[in-house]
Amino acid sequence: MATTEWRNETSDMAVQQFDVAAAKLGLDPNLAVRLRRPDRAMVVSVPTRMDDGRVNVFTGYRVQHNDVLGPFKGGLRYHPSVSLGEVSALAMWMTWKCSLVGLPLGGAKGGIACDPAELSRNELQSMTRRYTAEILNFIGPEIDVPAPDMGTNEQIMAWIMDTYSQHKGHAVPEIVTGKPIAIGGTLGRREATGRGVVYTIIEAANHLGVDLTKCTAAIQGFGNVGSVVVKELNDIGVRIIGVADRTGGFYDANGLPIARLLEIASQTHSLEAFPFGQKITNAELLELKCDILVPAALEMQITQENAQRLQCRILAEGANGPTTPEADAILRDKDVFVIPDILANAGGVVVSYFEWVQDLQNFFWTEEEITRKLRDILVKAFHEVLQMSQKENVEMRLAALMIGIDRVARAMLWRGLYA
Ligand code: NAD
């Protein structure tokens with residue numbers, strides 16, 4: 001079957017979630033069959049001159065799931081696990097996420113299978129520019145607008161913007177979001193995803209009648225999302241008792257020294273040399289007794305194997321796809337309140353949307369305006385999902401998917417099938 005090419009464990013999980021929501025919505029099977037697979041998927045060879053003179057050919061991907069609501073939008077991931085299946089799942093989740101928070105954007109995702117920590121600055125730049133050139137005809141401000149994801153950052157976005165602009169013969173800042181402010185980036189984009197996670201945690205705590213100043217939290221992943229979640233939770237009085245990154249984690253029941261943690265991590269980009277707390281593994285971090293658990297690294301971290309051992313009250317998914325459907329069922333029985341990824345981490349794409357709009361208009365907003373608009377959108381989306389979950393008596397993930405999928409489906413019905 002042709003679809004097997006973009007199938008793997010992660011895309012099967014995304015499709016499984018879609019199928020459950022589609023059934024609950026009573027979605028027309030002729031629509032469902034179209035939404036189960038991406039509109040377009042690209043696999044490109046990315047030949048890159050390494051510092052030792054050798055040419056290494058990396059494999060790059062860009063998957064465009066659905067653009068019925070507007071131009072494709074989605075991050076670019078540099079990680080050894082990147083595959084067509086993983087990128088396809090992430091692209092599908094982007095479609096539901098943009099729809100859920102009411103953005104006029106579709107869903108896409110890209111990536112290169114590589115370990116960015118092993119590449120020099122020169123190698124990263126060459127690889128990024130060649131990847132951009134390979135997908136040049138399939139991206140554009142009105143077509144598909146990339147952004148940062150795991151392993152990429154504002155420097156990578158700047159190289160993409162420059163490569164695209166050189167080909168067009170003029171500056172095109174609106175080709176990517178998550179750029180440096182000096183070349184058309186927006187205030188508040190770097191913090192947006194982490195801040196958004198915390199806004200949804202605040203709403204969840206209010207709903208559950210939980211006092212956040214008496215709460216503890218553990219966070220997996222200390223990159224763009226995880227480090228901001230740690231800072232913002234700490235700022236509102238939550239005690240951070242555990243953190244972890246790819247090198248392992250640290251635990252202190254009395255709370256870790258956050259200012260020192262942020263300082264060391266900003267210098268070394270790793271938690272490895274952190275001299276406080278007790279060393280723990282990533283698996284141990286997820287099972288810590290805490291009020292709030294925030295996975296902010298890879299997908300499929302909470303599975304049927306460890307879900308039963310989780311001890312949190314609120315699970316806020318900073319990462320995309322950190323919880324498998326089997327684990328979801330266990331968490332439901334344990335009465336863990338899950339803030340699903342497409343809601344919890346939507347702050348990133350919301351502020352990316354703001355950046356794109358500002359670039360198109362060449363008119364820039366204040367950080368206060370951006371943060372207020374971000375908060376308004378996420379608080380509204382949270383309560384729409386909560387209401388749907390109460391009305392339909394379903395968990396938050398299914399409610400969020402139902403809202404996201406329903407809006408896309410309605411738009412597809414209006415536009416019809418071009419054949
Ligand atoms: P990042 O590259 O900035 O940081 C990733 C972090 O995860 C690092 O601390 C890294 O050490 C850690 N990590 C990597 N592999 C790990 C492993 N096997 N075990 C434990 N930790 C590991 O990435 P990010 O932008 O913070 O993205 C993290 C997650 O959030 C991803 O799932 C991404 O899709 C999602 N997300 C990111 C954004 C965004 O705006 N950056 C938006 C929405 C969702």
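In this predicted model, Asn 393 sits in the loop between helix H13 (367-392) and H14. The backbone of Asn 393 has a positive phi of about 55°, although the residue is not a glycine. With a relative accessible area of 71%, Asn 393 is exposed, because the cut-off for that label is over 50%. A comparable case is found at Asp 335, in the loop between H10 and strand S12 (337-339). Asp 335 is likewise not a glycine and has a positive phi of about 65°. At 53% relative accessibility, Asp 335 counts as exposed.

Positive phi values also turn up just after two of the helices. Helix H1 is followed by Gly 26, with a phi near 65°, and helix H12 is followed by Asn 362, with a phi near 55°.

Helix H1 itself runs over residues 9-25. Its 17 residues reach 24 Å from the first C-alpha to the last, close to the 24 Å expected at 1.5 Å a residue. At the start of H1, a side-chain oxygen of Asn 8 comes to within 2.9 Å of the backbone nitrogen of Thr 10. Thr 10 is one of the buried residues of this helix, together with Ser 11, Met 13, Ala 14, Val 15, Gln 17, Phe 18, Ala 21 and Ala 22. An α-helix has 3.6 residues a turn, so residues three or four places apart point the same way. Spacings of this kind can be picked out in the buried set of H1, which includes Ala 14, Phe 18 and Ala 22. The partners against which the buried residues of H1 pack are helix H2 (29-35), helix H3 (84-100), helix H10 (325-333) and helix H14 (396-415).

Helix H12 (residues 347-361) has 15 residues and spans 21 Å between its first and last C-alpha, close to the 21 Å expected at 1.5 Å a residue. This helix is mostly covered, with twelve of its 15 residues buried. Among them are the glycines Gly 347 and Gly 348, the valines Val 349, Val 350, Val 351 and Val 357, and also Phe 354 and Trp 356. Glu 355 and Asp 359 are buried in H12 as well. The buried residues of H12 pack against S3, H3, strand S5 (144-148), H6 and H13.

Helix H6 provides a clear example of a covered position. Thr 200 lies in this helix and is buried, with a relative accessible area of 1%. Leaving out residues up to four places away in sequence, Thr 200 touches Ile 339, Leu 343, Ala 344 and Phe 382. In helix H7 (residues 224-235), Glu 232 can be considered alongside it. Glu 232 is buried, with a relative accessible area of 17%, so this residue falls below the 20% cut-off. Beyond its neighbours within four places in sequence, Glu 232 is in contact with Arg 195 and Val 198.

Attention now turns to the ligand. Of the 23 residues around the ligand, Asp 149, Gly 151, Thr 193, Asn 224 and Ala 297 come nearest. The residues of this shell divide into seven nonpolar, eleven polar and five charged. Oxygen atoms of the ligand have polar partners in both backbone and side chain. A polar backbone atom of Gly 223 is 3.3 Å from a ligand oxygen, and a polar backbone atom of Val 225 is 2.9 Å from a ligand oxygen. From the side chain of Asn 320, a polar atom lies 2.8 Å from an oxygen atom of the ligand. Taken alone, the ligand exposes 830 Å², and the protein buries 86% of that. Strand S3 (72-79), helix H6 (189-208) and H7 are the elements that give two or more residues to the shell around the ligand.

Finally, Arg 49 belongs to strand S1 (residues 40-49). This arginine is exposed, with a relative accessible area of 54%. Even so, Arg 49 has contacts beyond its neighbours within four places in sequence, namely with Arg 54, Val 55 and Glu 123. A polar atom of the Arg 49 side chain also lies 3.0 Å from the backbone oxygen of Gly 53. The C-alpha atoms of Arg 49 and Asn 137 are separated by 23 Å, with these positions 88 residues apart along the chain being the sequence distance.

Conventions: Residues are numbered from 1 along each chain as its sequence is written. This is a predicted model: local features need pLDDT of at least 70, side-chain atom pairs count only at pLDDT 80 or more; totals for chains, interfaces and linings use all residues. Side-chain values use heavy atoms; hydrogens and water are left out. Helices (H or I, at least four residues) and strands (E, at least two) are DSSP runs, numbered from the N terminus. Buried means under 20% relative accessible area, exposed over 50%, partly exposed in between (1.4 Å probe, protein chains only). Contact means heavy atoms within 4.5 Å. The expected span of a helix is 1.5 Å times one less than its number of residues. A polar contact is a pair of N or O atoms within 3.5 Å; within protein, one must be able to donate a hydrogen and the other to accept it, and residues adjacent in sequence count only if both atoms are side-chain atoms. A residue is near a molecule or strand if one of its heavy atoms lies within 4 Å of it. Accessible areas come from the Shrake-Rupley method with a 1.4 Å probe; for residues, only the protein chains shown count as cover. Ala, Val, Leu, Ile, Met, Phe, Trp, Tyr, Cys and Pro count as nonpolar, Asp, Glu, Lys and Arg as charged, and the others, Gly among them, as polar.
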